[in-house]
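User: Please take a close look at a single part of this structure and describe it for someone new to it. Then place it among the neighbouring pieces.

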Amino acid sequence: MCERCAELEAEVFVLRRELGLVHEVDQLRAVRAIAGLSKGQARMVLALYTAGRPLTQYALEQALRGPDAEPYDANTIAQFVLQIRRKLGADAIETIGGGAYRLSAPAASRVMAALHPLEVA
């Protein structure tokens, strides 16, 4: 994408957000663009960013699938974390205690820059 196109897309995103027209799909698209994240990976990163605190594996499952969905295989969340760390850096997601995860400050800054492209400079 050309530099001017990226600037225009960022301006449109900010205007849509100011008008209340930004939805989860827009947020996921912005987060996915950070490092070529899959939709599931972006959803996990967005959940960790939005929470602003460590989330348990169960809370992440709820964020990824919804409250009425069948639970993930025990290894799925760990695999998502591994894949995100490969794409965003080994320190992007911190493991807290026995199975809770938190988005690191540098990774949170990247997400914030993607969600608020004209406000972070």
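Analyst: **Ser104 and the helices**

Leaving aside residues up to four places away in sequence, Ser104 touches Asp91, Ala92 and Glu94 (contact means heavy atoms within 4.5 Å). The model is predicted, so local features need pLDDT of at least 70 and side-chain atom pairs count only at pLDDT 80 or more, while totals for chains, interfaces and linings use all residues. Residues are numbered from 1 along each chain as its sequence is written, and side-chain values use heavy atoms, with hydrogens and water left out.

Ser104 sits in the loop between β3 (100–103) and α6; helices (H or I, at least four residues) and strands (E, at least two) are DSSP runs, numbered from the N terminus. Ser104 counts as buried because its relative accessibility is 3% (buried is under 20% relative accessible area, exposed over 50%, partly exposed in between, with a 1.4 Å probe and protein chains only).

Helix α6 covers residues 105–115, and its buried residues are Ala107, Val111, Ala114 and Leu115. They lie on the same side of α6 because they cover an arc of only 95° around the axis, taken from the directions from the helix axis to the C-beta atoms. Exposed Ala105 and Pro106 are on the face of α6 turned away from its buried side.

Elsewhere, Gly40, Arg43, Met44, Ala47 and Leu48 of α3 meet Leu60, Ala63 and Leu64 of α4. This contact of α3 with α4 has 6 nonpolar, 1 polar and 1 charged residues (Ala, Val, Leu, Ile, Met, Phe, Trp, Tyr, Cys and Pro count as nonpolar, Asp, Glu, Lys and Arg as charged, and the others, Gly among them, as polar).
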